[in-house]
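The following exercises concern one protein structure. Please study the sequence and the model before reading each solution.

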Amino acid sequence: MATVSGRVLLTPDLGAFDEAVLRVSVLDVTVADAPSRELTATAQDVSYDGHGTVSVSFRLSADWGPRQRVVVNAHLDRSGSGVVESGDALTVESLPVPDDPAPVTVRLRAI
């Protein structure tokens, strides 16, 4: 079993929000030109007043091997619908899970 930990940064450019769902997942993106496969995920309700930077910690464990390419992905779901909608925030860069136990920092961009 492998583990990745880190933090998602909530920053003023996201604006204030109440009771959004922050979903962080680990995706297997090994196969090019194919849909990614979710290996594990966690979700939690978060609120943010729009001031300063707030870190939301996560720790995820799943089975993946050294030959797999796995990345961390996050979705801040303001409506709680589970689908990406205008006003939500997403990771917009590839965040590979490091080989060493270094924590991953996830930055979100509002869409």
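**Exercise 1.** Determine how many bridges join strand β6 to β8, and place both strands in their sheet.

*Solution.* Step 1: two bridges join β6 (residues 89-90) to β8, and the two run antiparallel. Strands are DSSP runs (E, at least two residues), numbered from the N terminus, and two strands pair if DSSP finds at least two bridges between them. Step 2: Ala 89 stands opposite Ala 110 in β8. Step 3: the open sheet has five strands in the order β3-β2-β5-β6-β8, with antiparallel pairing. Its edge strands, β3 (37-48) and β8 (109-110), each pair on one side only.

The model is predicted: local features need pLDDT of at least 70, side-chain atom pairs count only at pLDDT 80 or more, and totals for chains, interfaces and linings use all residues. Residues are numbered from 1 along each chain as its sequence is written, and side-chain values use heavy atoms, with hydrogens and water left out.

**Exercise 2.** Establish whether Asp 28 is buried or exposed, and list its partners.

*Solution.* Step 1: Asp 28 lies in strand β2 (residues 17-28). Step 2: its relative accessible area is 11%; buried means under 20%, exposed over 50%, partly exposed in between (1.4 Å probe, protein chains only). Asp 28 is therefore buried. Step 3: its side chain makes polar contacts (N or O atoms within 3.5 Å, one able to donate a hydrogen and the other to accept it; residues adjacent in sequence count only if both atoms are side-chain atoms) with the side chains of Thr 30, at 2.5 Å, and Gln 68, at 2.6 Å. Step 4: beyond neighbours within four places in sequence, Asp 28 is in contact (heavy atoms within 4.5 Å) with Ser 36, Arg 37, Leu 39, Gln 68, Arg 69 and Val 70.

Conventions: Helices (H or I, at least four residues) and strands (E, at least two) are DSSP runs, numbered from the N terminus.
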